[in-house]
Amino acid sequence: MDLLIQVGLLAIGFFMLVKGADYFVDGAAGVATKFGIPQLVVGLTIVAMGTSAPEAAVSITGAMSGAADISVGNVVGSNILNILIILGITGVITSVAVQKSTLFVEMPFMLAITVVLIILGLTGNEITFVEGIIFWVLFIVYLIYLYILAKKGTEEESTEERPVWKLILFILVGGAVVVWGANISVNAATAIAEAIGISEKFIGLTIVALGTSLPELVASVTAARKGNADIAIGNIVGSNIFNILFVLGTSALIIPIPYQASFLFDGIVAVGAGVLLWLVTIKKKTLGRVGGIIMLLCYAAYLAYLLFQH
């Protein structure tokens, strides 16, 4: 009975994460449109950060409550899932164009910081306060790059009719619901792991990663179907960068995060997913159905490996 209650709480937590992120993204994208910020920049920043709010809330909550394997597993698992499942599904549904800057700057940067995460995690088997600062410095560098990108981009005409106060209210309410939902999700996921005897790492890499990636899925598929392809790819690449630099960086500033040696394989899979995304999009600068199917099959193989390990 207690297990059923925890599963119910996990579902409620995930629902709050999705709805909260939905309001957050809606409000933030509306504010951006008001100020004529280009679509690609909106995807790489506001939508990426908004849809990463669940990962941030879950990982920071996990770090503070001592469930560190959920923190790292959630970020690494979400980054793998974001590329292989979310862009895989998006690619199968519709052909998605990829910007040159995404191919030659943002994707390589995402791969580089994933490698940095693996190296820092394995040296001393934890992500320390100093390493949290390193992540934050890299995050600031990324924000400066985005600022330059926004300056270079052509300003888009505002089509946003809602008042700014309403958009800001969406951001605040959405953010609060995300944090609350994360708290419920982490507690329920930890209780489920203990009750059925599976590791927090497995829960973090799969169930929690899927739950916190639902906003990315909704945002990317919706954006792709509406023809806003810049937001679809930019959202995922931006989210993955944000997950490592801001989410784990902030978590490490609060408390050192233990990093199991077994995360090496998952880190390599995260790098491999990024390389695969680059390979299937580099030739035609488009993510199509074939690329999407390959990515989904790769995730199925990874999930089978995780299940076999447990």
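This is a guided tour of the structure above, with a selection to make at each stop.

**Before starting**

The model is predicted, so local features are described only at pLDDT of at least 70 and side-chain atom pairs only at pLDDT 80 or more, while totals for chains, interfaces and linings use all residues. Residues are numbered from 1 along each chain as its sequence is written, and side-chain values use heavy atoms, with hydrogens and water left out.

**The whole chain**

Select the protein chain and show it as a cartoon. Eleven helices and four strands make up its secondary structure. Both kinds of element are DSSP runs numbered from the N terminus: helices are H or I with at least four residues, and strands are E with at least two.

Now switch on the surface. The chain exposes about 13200 Å², and 71% of this area comes from carbon and sulfur atoms. Such areas are computed by the Shrake-Rupley method with a 1.4 Å probe, and for residues only the protein chains shown count as cover. Of the 310 residues, 52% are buried. Buried means under 20% relative accessible area, exposed means over 50%, and partly exposed lies in between (1.4 Å probe, protein chains only).

What share of the contacts between residues at least 6 apart in sequence joins residues at least 24 apart? The share is 87%. A contact here means heavy atoms within 4.5 Å.

**Stop 1: α3 and α7**

Select residues 53–64, which form helix α3, and residues 164–196, which form helix α7. The two pack at an angle of about 50°, with their axes 8 Å apart. Because of that angle, α3 is oblique to α7. Axes are lines fitted to C-alpha atoms, for helices over the stretch in contact, and angles run from 0 to 180 degrees between N-to-C directions. Angles under 35 degrees count as roughly parallel, over 145 as roughly antiparallel, 65 to 115 as roughly perpendicular, and the rest as oblique.

The crossing of α3 and α7 is right-handed; that is, the near helix is turned clockwise from the far one by less than a right angle, while an anticlockwise turn would be left-handed. Show side chains for Ala53, Pro54, Ala57, Val58, Thr61 and Gly62 on α3, then for Val178, Val179, Ala182, Asn183 and Val186 on α7, to see the contact. By class, this contact has eight nonpolar, three polar and no charged residues. Ala, Val, Leu, Ile, Met, Phe, Trp, Tyr, Cys and Pro count as nonpolar, Asp, Glu, Lys and Arg as charged, and the others, Gly among them, as polar.

Stay on Asn183, in helix α7. Asn183 is partly exposed, at 36% relative accessible area. Draw a distance from its C-alpha to that of Ala57: the two are 126 residues apart along the chain and separated by 7.5 Å.

**Stop 2: two buried residues**

Select Ser78, in helix α4 (residues 68–93). Is Ser78 buried or exposed? Ser78 is buried, with a relative accessible area of 0%. Leaving out residues up to four places away in sequence, Ser78 touches Glu55, Gly73, Ala209, Thr212, Ser213, Asn240 and Asn243.

Next, select Leu248 in helix α9 (residues 229–254). Leu248 also counts as buried, at 0% relative accessibility. Its contacts beyond four places in sequence include Ser71, Val72, Leu117 and Phe135. Ser59 is 189 residues from Leu248 in sequence, but their C-alpha atoms are 7.3 Å apart.

**Stop 3: α10 and its partners**

Select α5 (residues 100–122) and α10 (residues 263–282), which pack at an angle of about 170° with axes 10 Å apart. That angle is why α5 is roughly antiparallel to α10. Residues that meet here include Phe104 and Met107 in α5 and Ile268 and Trp278 in α10. The contact has 16 nonpolar, four polar and no charged residues.

Add α11 (residues 289–309), which packs with α10 at about 170°, with the axes 10 Å apart. So α10 is roughly antiparallel to α11. Among the residues that meet are Phe265 and Asp266 in α10 and Tyr302 and Tyr305 in α11. This contact divides into eleven nonpolar, one polar and one charged.

**Stop 4: two loop residues**

Most residues other than glycine have a negative phi. Select Asn125, in the loop between α5 and β2 (126–127); its phi is positive, near 55°. Asn125 is partly exposed, at 41% relative accessible area.

Finish at Lys285, in the loop between α10 and β4 (286–287). Phi of Lys285 is near 55°, and Lys285 is partly exposed, at 32%.
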